[in-house]
Amino acid sequence: MTAVAAPARVRALTGAVGDPRWSRPAMWTVLAAAFVLYAWALSGDANEYYAAAVLSGTRSWKAFFFGAIDAGSFITVDKPPLALWVMGLSARIFGYGTYSMLMPQVLAGVAAVGAVYSAVRRSFGRTRQGHVAALVAAVVMTLTPITVAINRDNNPDTVLVLLLVLAAWFCLESLRTARLRPLLLAALFVGLGFNAKMLQAYLVVPAFGVAYLVCARHGLARRVGHLLAAGGVLVVSSAWWMVVVDLWPAASRPYVGGSTDNTVRDLVIGYNGLGRIFGQDRAGGGFGGANFGGQAGAGRLFNDVLAGQISWLLPFCAVALAFAVLLRVRGTPFDGAAWLLWGGWLVVHYAVFSFSSGTFHPYYTTAMAPAVAALTGMGASVMWQAYRRSRGWAWALPAAVAVTGGWAFVVLRRTPEWLPWLAWVVLGATAVAVAALVTGLVTGSVAGSVAGSATGLGTARGRMAGRVTVVALVAALVAGLAGPAAYAVSPLGARVNGTNPTAGPSTGRTGGPGGSGGPPPVGEFPGGRTGDLPGAEPPQGQPDGEPPQGQPGARGRGLMGGGVAGSTVQYLVANQGWATWLVAVGSAQQASSIILATRRPVIAMGGFTGSDPAMTVPRLRELLSSGRLRYVLPGGRGGPGGGDTEVTAWVTANCAAVDGHTGLYDCAG
């Protein structure tokens, strides 16, 4: 057993027989670098909206299953709970804290890098070219700035990306092996992605379908039959949680946050569906939408907000895709399935993200990173081979390097006060790389070195070619990756802003490392964050009076999220009595910070936006009469309307204002 196991362990580190000796150590190095980037110095609760739901899920299995923001299960978050389940299980095992919540996100991000590496390598077979392409793809995936930012956060996008990359891996495996089972597994993973972020998961489906329909090694009827079978798996794996929730008696489950009629079906079609494409304004019943990513249009991904997050290598991908199309037209053999899948993935996401009029955050674009990484790796490998072997196709690589480096220079010069020297380094590296590549073409030294090495002649030319090659490749790497790498490391020294995480410097619409497109970090009030509140429960595994691991005691402003005074929260904790909920507030921004500070259930009457019709006067009266709720802090709901006026009017008319605590009402009796 030992004699057999030892070589297996060695192969896990050094690769299979026939692999280049450097390939597996290089892969592990990239994965280790990804882990460091994603896990270094994590702090705080990230997005407090999701953090409150994770914490509540550790206190109640009912809240865990439904994804409720509070342990009393009044209202859910506005997404399916799959990503919350992953973080929640970790928090249940290790106790709630920064690392217990965010480490699953870190590991999911690292796993996505590994899956991209494997998918790209298998598309080329066990060749040196394939290993190089896979390594480049893994490096690009690791260093994509918005991916670094979101993998340090608790938004569901990290889990979504991993599930979609696994789906792509199995779809390509089905095409490679001509077997149905991997295709069904691909559909399963897309369905699981739906239960992380609903319809966004389906953006990869057109690319998968076209790749299979065009490239599968079966007759047309069988291909269609296989796709229909995969569609059945997709529907079941997507809809099961939605069906369970919608069939559950509404009186015994939380309100579905983000919906207008307390159903997941409405959430899928409306707020997380058409509302994201065309915009949605619940208060007015029309269309609109909060936009953190700039004006919709073909240039959105290249604007000041998004360019530094995802666009660095889009020019290179465009050249690579055009090159692949030309090769296909000329009849050159290559793996068209991989190009169709990753190219279709990128094109569909580009179109949807560019022209959506609804709510749009920069971190949504992390879903493009796997396609950008794969196309960059495959494109670099294919164009390098063409550069070495065909003078007619050799122009593609210098052109791709030139446009990529030029665009990186433009992006960096938009913030000239941030690392002002870097733009000029990138420009110089671009010029050197292009000059070296053109020199190789003019002198024929690269192609000549291949022939010379085969005949034992041309030693001097071979040495010259080697020097040109090294200079060109090093300079090209600097031109293409220095900019995104600089952006990628910027979040490591900043507190995570979970509402709108971004990387890089401030561009006016974002706040640089950690982002600031949303509200500032909340939960700050005199005396600290949790244990300093009289009667508040300290987090699991922490001594009384100490903040959770990685969370600094929050002091200085005297206000919590949504403007709730710390003294008011102290009063509520001291006077909650036997009530289930500490207080009912207008929105989840207020509720989540109080939940995290006190470890007690708080009702978010209007959900995330403050406009959900979850609380009605009859419902409020029932909670008050049963003793499950005593205090209400109305207002802050419904956007411009200032809240649910009917509920607010009833509270102000029937409850007693609490002296010294503005806006707080005691509804006992």
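The following dialogue discusses backbone angles, a helix, a surface patch and a pocket in a predicted model.

Reader: Which residues other than glycine have a positive phi, for instance in the loop between α18 (396-413) and α19 (420-443)?

Author: As a general idea, most residues other than glycine have a negative phi. In this predicted model, leucine 419 departs from that pattern, with a positive phi of about 45 degrees. Leucine 419 sits in the loop between α18 (396-413) and α19 (420-443). A second case is arginine 599, where phi is positive and near 60 degrees. Arginine 599 belongs to the loop between α23 (588-598) and β2 (603-604).

Reader: Is leucine 419 buried or partly exposed, and is arginine 599 buried or exposed?

Author: The cut-off for buried is under 20% relative accessible area. Arginine 599 has a relative accessible area of 5% and is therefore buried. Leucine 419, at 31%, is partly exposed.

Reader: How should the length of helix α6 be read, and what span is expected for α6?

Author: An α-helix has 3.6 residues a turn, so residues three or four places apart point the same way. Helix α6 covers residues 98-124, which makes 27 residues. From first C-alpha to last, α6 reaches 40 Å, close to the 39 Å expected at 1.5 Å a residue.

Reader: How many residues of α6 are buried, and which residue follows α6?

Author: Helix α6 is mostly covered, since 21 of its 27 residues are buried. Glycine 125 follows α6 and has a positive phi, near 80 degrees.

Reader: Which residues make the nonpolar surface patch?

Author: A patch of this kind joins nonpolar side chains within 5 Å, from residues with over 30% relative accessible area. Here Val210, Leu213, Val214, Leu220, Val224, Leu228 and Leu340 make a patch of about 600 Å². The elements giving two or more residues to this nonpolar patch are α11 (205-215) and α12 (220-247). Leucine 220, in helix α12, has a relative accessible area of 55% and is therefore exposed.

Reader: What volume has the second largest pocket, and which residues are the closest to its centre?

Author: The second largest pocket holds about 780 Å³ of space. It is lined by 29 residues, of which Val132, Val136, Ala380, Leu473 and Leu477 are the closest to its centre.

Reader: Which element gives the most to the lining of the second largest pocket?

Author: Helices α7 (128-143), α17 (369-389), α18 and α21 (459-489) each supply at least two lining residues. Among the contributors, α21 gives the most, with eight residues.

Definitions and conventions
Residues numbered from 1 in each chain as written. Predicted model: local features only at pLDDT ≥ 70, side-chain atom pairs only at ≥ 80, totals over all residues. Heavy atoms only, no water. Helix = DSSP H or I, 4+ residues; strand = E, 2+ residues; numbered from the N terminus. Buried < 20%, exposed > 50% of the residue type's maximum accessible area, 1.4 Å probe, protein only. Expected span 1.5 Å × (residues − 1). Patch = residues over 30% accessible without salt bridge, like charges linked within 9 Å, V, L, I, M, F, W, Y side chains within 5 Å. Areas by Shrake-Rupley, 256 points an atom, 1.4 Å probe, with all protein chains shown as cover. Salt bridge = Lys/Arg side-chain N within 4 Å of Asp/Glu carboxyl O. 1 Å grid on protein atoms, 1.4 Å probe; cavity = no way out; pocket = protein on both sides within 12 Å on 5 of 7 lines; lining within 4 Å. Points joined across faces, edges and corners; volume = space filled by probe spheres on them.
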